[in-house]
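Colleague: I have just opened this model and would like some help reading it. Could you walk me through its features step by step?

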Amino acid sequence: MRISQEIGEMSLAEADLVRRASGKFSGRSDRDRLLQKFDKAVGMMGLTKQQREETWMMVEKFAGFGFCKAHAATYADISYRMAYLKTHHPAEFLAAMCSAGAGFYHVSAYVEEAKRWGIAVRLPSVNYSRMEYTAEDGGDGKRALRVGLMQVRGLRVETITAMLRARGEDGAFCSLEDFLHRVAIECDEIQALIKCGAFDEVCKMTRPAMLWRWNLLQARGTNPGAAALPESAKLLFATTNPHDAIDAALVKMQTPEYTIEQKLKYEREILEVCVSGHPLDFLPRNGEAWSDELPALRGKRVTLCGWVVTYRHVGTKNYRNMMFVTLEDQRGVYEVVLFPDAYDRYGRVVFETRTIRVTGRVEQDGQIKGEKLEALKK
């Protein structure tokens, strides 16, 4: 296009027509008209007829693939920039990827990748999180990845905006009561925030205790949606200052902290990412290989445990189905291909659970030719 503009004395619109006429998007009349204009302009430069024809041929030939080449150059530039950011600013890079929802994989895959890179991943916090994922000081000169409030399922944008505004105007929240006084929030939203750990840095108590505190505060306000109170709490409310009654009731109640497995369960349900561990941490292993061992196992039959990240169907020329399944374990990501026979027998397992034991042969390209899938846990 630049050659057509500079040498052929064409406008940018006409130069673009040269590109399109060289392909299959324009009629022959446009090509001939542009060729005549180009030939006349180049002839005034003193080129011979043969030179003019060769110049036009080179312009027209390049226009046939030059547009694709421009796209390739653009993608190469983006790839270079992303590789630089990934190398020198990995926490910021992953925060941007998770916030944008970009990439081929679900956001949980990028969170697990952050852990493998040695980046600390932190739960959402009512005092430190923003709407999107952020990178923050992780101590010892390292950076940490903070899960954004956008990741909390069921938390409305209006509520997040109100939280950020209250925090910006009057400072960090110092207690559950302080938060409730400053932010209008729905019952299911506050429960989700407590269960996923967003109040862990505010209230120095277990998450079950925080939930009971919330319910006691609601009961004190005669909220019909609050949970039924223990008899001890009812008696205390009748005879004691409400705040003292809540503290006394919580002391009498047994509210141990969630186990790691329970925390992961709520994180999966509410955040769709696992921050406190990996989904496979609590599943039994019986000598299965790890994903980072696959390069040394090419051509061999292996068994691995995996967490399904994503999958895609492909149709064969014989109108049968096959599937590519991307899985991960604590050490990395790998891909399993289920050819039609294996897909017919085991494809349903991918839809039934995300924790799978895979048996198959490692191909030279690193893929696993799946032979058998077993559900580890529903």
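Modeller: Gladly; we will go through the core, a loop, the salt bridges, a surface patch and the strands. Please keep in mind that this is a predicted model.

Colleague: Let's begin inside. Which residues touch the most other members of the largest nonpolar core?

Modeller: The general idea is that in soluble globular proteins, nonpolar side chains tend to be buried together. Here the largest nonpolar core has 48 residues, and Val126, Tyr133, Phe179, Leu193 and Phe199 touch the most other members. Several helices each supply at least two residues of this core, including α5 (90–100), α7 (157–170), α8 (176–182) and α9 (187–195). The largest share, six residues, comes from α5.

Colleague: And is there another core apart from that one, and which residues are among its members?

Modeller: A separate core of 22 residues lies apart from it, with Leu297, Leu304, Val350 and Ile356 among its members.

Colleague: Could we zoom in on one residue? What is phenylalanine 199 in contact with, leaving aside its neighbours within four places in sequence?

Modeller: With those neighbours left aside, phenylalanine 199 is in contact with Val126, Leu176, Phe179, Ile190, Leu193, Ile194 and Met210. Val126, Phe179 and Leu193 are also among the residues that touch the most other core members.

Colleague: Now a loop. Is phenylalanine 173 buried or exposed?

Modeller: A useful cut-off here is that buried means under 20% relative accessible area. Phenylalanine 173 is found in the loop between α7 and α8, and it counts as buried because its relative accessibility is 3%. Leaving aside neighbours within four places in sequence, phenylalanine 173 is in contact with residues that include Val126, Met163, Phe179 and Val202. Take methionine 163: it is 10 residues from phenylalanine 173 in sequence, and their C-alpha atoms are 9.5 Å apart in space.

Colleague: Let's turn to charges. How many salt bridges does the count come to?

Modeller: The count comes to 22 salt bridges. A good way to read one is to look at the distance, then at where the partners sit, then at how exposed they are. In the bridge between lysine 49 and glutamate 53, the closest N and O atoms are 2.4 Å apart. Both residues lie in helix α4 (residues 49–88), four residues apart, about one turn of the helix. Lysine 49 is exposed at 53% relative accessible area, while glutamate 53 is partly exposed at 45%.

Colleague: What about lysine 115 and glutamate 112: how far apart are they in helix α6?

Modeller: They are three residues apart in helix α6, so about one helical turn separates them. Their side chains meet in a salt bridge of 3.2 Å, N to O. Look at the exposure of each partner: lysine 115 counts as partly exposed at 25% relative accessibility, whereas glutamate 112 is buried, with 6%.

Colleague: Can you give me one more pair to practise on?

Modeller: Try glutamate 352 and arginine 348, whose closest N and O atoms are 3.4 Å apart in a salt bridge. These two are four residues apart in helix α14 (residues 340–352), so they are separated by about one helical turn. Glutamate 352 is partly exposed, with a relative accessible area of 35%.

Colleague: Which residues are linked in a network of salt bridges?

Modeller: Such a network links Arg122, Glu136, Arg146 and Glu201.

Colleague: Now the surface. Which residues make a nonpolar surface patch of about 290 Å²?

Modeller: That patch is made by Tyr75, Ile78 and Met82. Isoleucine 78 has its place in helix α4 and is partly exposed, with 38% relative accessible area.

Colleague: Last of all, the strands. How many bridges join strand β4 to β5?

Modeller: With strands, look at the direction of the pair, then at the partners, then at the turn. Strand β4 (residues 301–315) and β5 run antiparallel and are joined by eight bridges. Histidine 313 has methionine 323 in β5 as its bridge partner. The hairpin of β4 and β5 has five residues between the strands, and tyrosine 319 there takes a positive phi near 65°.

Colleague: And what lies on the other side of the pairing, between β5 and strand β6?

Modeller: β5 and strand β6 (residues 332–338) also run antiparallel, with seven bridges joining them. Phenylalanine 324 stands opposite valine 337 in β6, and the hairpin of β5 and β6 has two residues between the strands. Strand β5 (residues 321–329) is mostly covered, with eight of its nine residues buried.

Definitions and conventions: Residues are numbered from 1 along each chain as its sequence is written. This is a predicted model: local features need pLDDT of at least 70, side-chain atom pairs count only at pLDDT 80 or more; totals for chains, interfaces and linings use all residues. Side-chain values use heavy atoms; hydrogens and water are left out. A nonpolar core is a set of buried Ala, Val, Leu, Ile, Met, Phe, Trp, Tyr and Cys residues joined through side-chain atoms within 4.5 Å. Buried means under 20% relative accessible area, exposed over 50%, partly exposed in between (1.4 Å probe, protein chains only). Contact means heavy atoms within 4.5 Å. A salt bridge is a side-chain nitrogen of Lys or Arg within 4 Å of a carboxyl oxygen of Asp or Glu. Patches are made of residues with over 30% relative accessible area and no salt bridge: like charges are joined within 9 Å, nonpolar side chains (Val, Leu, Ile, Met, Phe, Trp, Tyr) within 5 Å. Accessible areas come from the Shrake-Rupley method with a 1.4 Å probe; for residues, only the protein chains shown count as cover. Two strands pair if DSSP finds at least two bridges between them.
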